[in-house]
Amino acid sequence: MSLKVIPSGAALGAEISGVNLTENMDDATFEQIRQAFYRHEVVYFRGLELSDDDHIRFSARMGELRKVKQMRHYTPRRPELMVVSNIVENGKHIGSYDAGMFWHTDGAHSEISPVASLLHAVEVPEKDGRILGDTRFASMTAAYDALPAGMKKRIEKLEALHSLYHRDEQSRQSGNKPAEYNEEEKKKRLEKVHPVVRLHSATGRKCLYVSEGYTVRILGMPDDESRDLLAELTAHCVQPRFVYTHRWMPHDLIMWDDCSTQHKATFDYALPLRRLMYRTTVTRFA
Ligand code: SIN
């Protein structure tokens, strides 16, 4: 079996085939995957039936994993696995059902910004032979590179506030009931300031870092100016020319870069059509 990297043809994304993620692969093969990931920003493996251990072991080769004990949306069986699902059991959602509702970068509000996420599809919704619930990814390096020189100069030193409350409020306005936070969660910072242009820690490339989901305002300017600039940048960065759309197949594993991309899921399905995915989150590259 030899590894192949097949670019999607979009601004980002590549399929990797010819690797078995249920085995501990050698360093040279893993290095090819890592380099493909840095280059294509989103890489995917088709039709791999991965156990929790396989998913976690492969993710951990990328770096340190976020572990969350006894918190909603995480499986009780493994603290590394977040559940992304529309399934309801005993009257309760078994995972996050609105995770990809808005364009966003995972954990933009967190104290430690994730560097990569790996989502494994266990069940995908299907209707009339078509799989629903696509996920779109946009390249923030391509979006930055395409900005006019004047805009690059204007935003070069700016910072913006990212907030989980902002995301939740939008979800609420769309008719959802996002989580209420307990006292312990409230004590944790659910807001974070980031540069509008971030440097990728591994590639050194410049990435535009504002999103519809999390970015509240750009600091140090009047509200109306911040609103207009944010609207311009968030519309710019998700144009179709910067986007790869992933059409899921059962047991796909997709790994995306949390600095150089953002993503949004498509909510074109509902129960009884079930969608069940598990996500690991890498907080620091190895
Ligand atoms: C996510 O935002 O982590 C989930 C994306 C998806 O459900 O496709």
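A polar contact is a pair of N or O atoms within 3.5 Å. Keep that in mind for this tour of a predicted model.

**Start with the whole chain**

Show the protein chain as a cartoon. You should find seven helices and 20 strands. Along the principal axes, the C-alpha atoms fill a box of roughly 55 × 45 × 40 Å. How does the radius of gyration fit with a compact globule? For 286 residues a compact globule would come out near 19 Å, and this chain has 18 Å, so the two agree.

Now colour by burial if your viewer can do that. Buried residues make up 53% of the 286 in the chain. Switch on the surface and you are looking at about 13,700 Å² of exposed area, with carbon and sulfur atoms supplying 49% of it. As for the contacts between residues at least 6 apart in sequence, 81% join residues at least 24 apart.

**Select the largest nonpolar core**

Pick Ile16, Leu21, Ile33, Phe37, Phe45, Phe58 and Met255. In the largest nonpolar core, which has 30 residues, these touch the most other members. Which elements each supply at least two residues of this core? They are α1 (27–40), β3 (42–45), α2 (52–62), β8 (116–123), β18 (253–257) and β20 (276–285). Helix α1 gives the most, with five residues.

Zoom in on phenylalanine 37. Leaving aside its neighbours within four places in sequence, Phe37 is in contact with Val43, Met62, Ala116, Met255, Trp256, Asp257 and Phe285. There is also another core lying apart from the largest one; this other core has 26 residues, among them Leu147, Val196, Val210 and Cys259.

**Follow α2 and β3**

Next, select α2 and show side chains. Asp54, His55, Ile56, Phe58, Ser59 and Met62 are buried there. What do the buried residues of α2 pack against? Look for α1, β3, β4 (63–65), β8, β18 and β20 around them.

Hop over to valine 42, which lies in strand β3. Is valine 42 buried or exposed? Its relative accessible area is 0%, so Val42 counts as buried. Select what Val42 touches, skipping residues up to four places away in sequence: Leu12, Gly13, Ala14, Phe137, Ile254, Met255, Trp256 and Thr261. Then draw a line from the C-alpha of valine 42 to that of serine 260: they are 218 residues apart in sequence and 9.3 Å apart in space.

**Visit the ligand**

Select the ligand and show what surrounds it: Val84, Ala99, Gly100, His104, Asp106, Leu119, Thr135, Trp256, His263, Ala265, Arg275 and Arg279. Now zoom in on three of those side chains.

- Histidine 263: an N or O atom of its side chain is 2.9 Å from a ligand oxygen.
- Arginine 275: here an N or O atom of the side chain is 2.8 Å from an oxygen of the ligand.
- Arginine 279: a polar side-chain atom lies 2.8 Å from a ligand oxygen.

How much of the ligand does the protein bury? Taken alone, the ligand exposes 260 Å², and the protein buries 99% of that.

**From Arg279 to Thr281**

Stay with arginine 279 and add threonine 281, a residue of strand β20. The two side chains make a polar contact at 3.4 Å. Thr281 has 1% relative accessibility, so it counts as buried. Not counting residues up to four places away in sequence, Thr281 touches Glu64, Leu65, Arg66, Pro114, Ala116 and Ser117.

**From Arg275 to Asn86**

Go back to arginine 275 and bring in asparagine 86, in the loop between β5 (82–85) and β6 (88–89). Where do polar atoms of the Asn86 side chain find the backbone? One lies 2.9 Å from the backbone nitrogen of arginine 275, and there is also a 2.9 Å distance to the backbone oxygen of leucine 273. Asn86 is buried, with a relative accessible area of 10%. Beyond four places in sequence, its contacts include His93, Tyr97, Tyr269 and Arg274.

**Last stop: Gly213**

Finally, select glycine 213, in the loop between β15 (206–208) and β16 (215–218). Glycine 213 is buried, at 0% relative accessible area. Leaving out residues up to four places away, Gly213 touches Phe102, Trp103, Ser163, His166, Arg167 and Gln170.

Key
Residues numbered from 1 in each chain as written. Predicted model: local features only at pLDDT ≥ 70, side-chain atom pairs only at ≥ 80, totals over all residues. Heavy atoms only, no water. Helix = DSSP H or I, 4+ residues; strand = E, 2+ residues; numbered from the N terminus. Buried < 20%, exposed > 50% of the residue type's maximum accessible area, 1.4 Å probe, protein only. Contact = heavy atoms within 4.5 Å. Core = buried A, V, L, I, M, F, W, Y, C linked by side-chain atoms within 4.5 Å. Near = heavy atom within 4 Å. Polar contact = N/O pair within 3.5 Å; in protein donor to acceptor, adjacent residues only side chain to side chain. Areas by Shrake-Rupley, 256 points an atom, 1.4 Å probe, with all protein chains shown as cover. Rg over C-alpha atoms; globule rule 2.2 N^0.38 Å.
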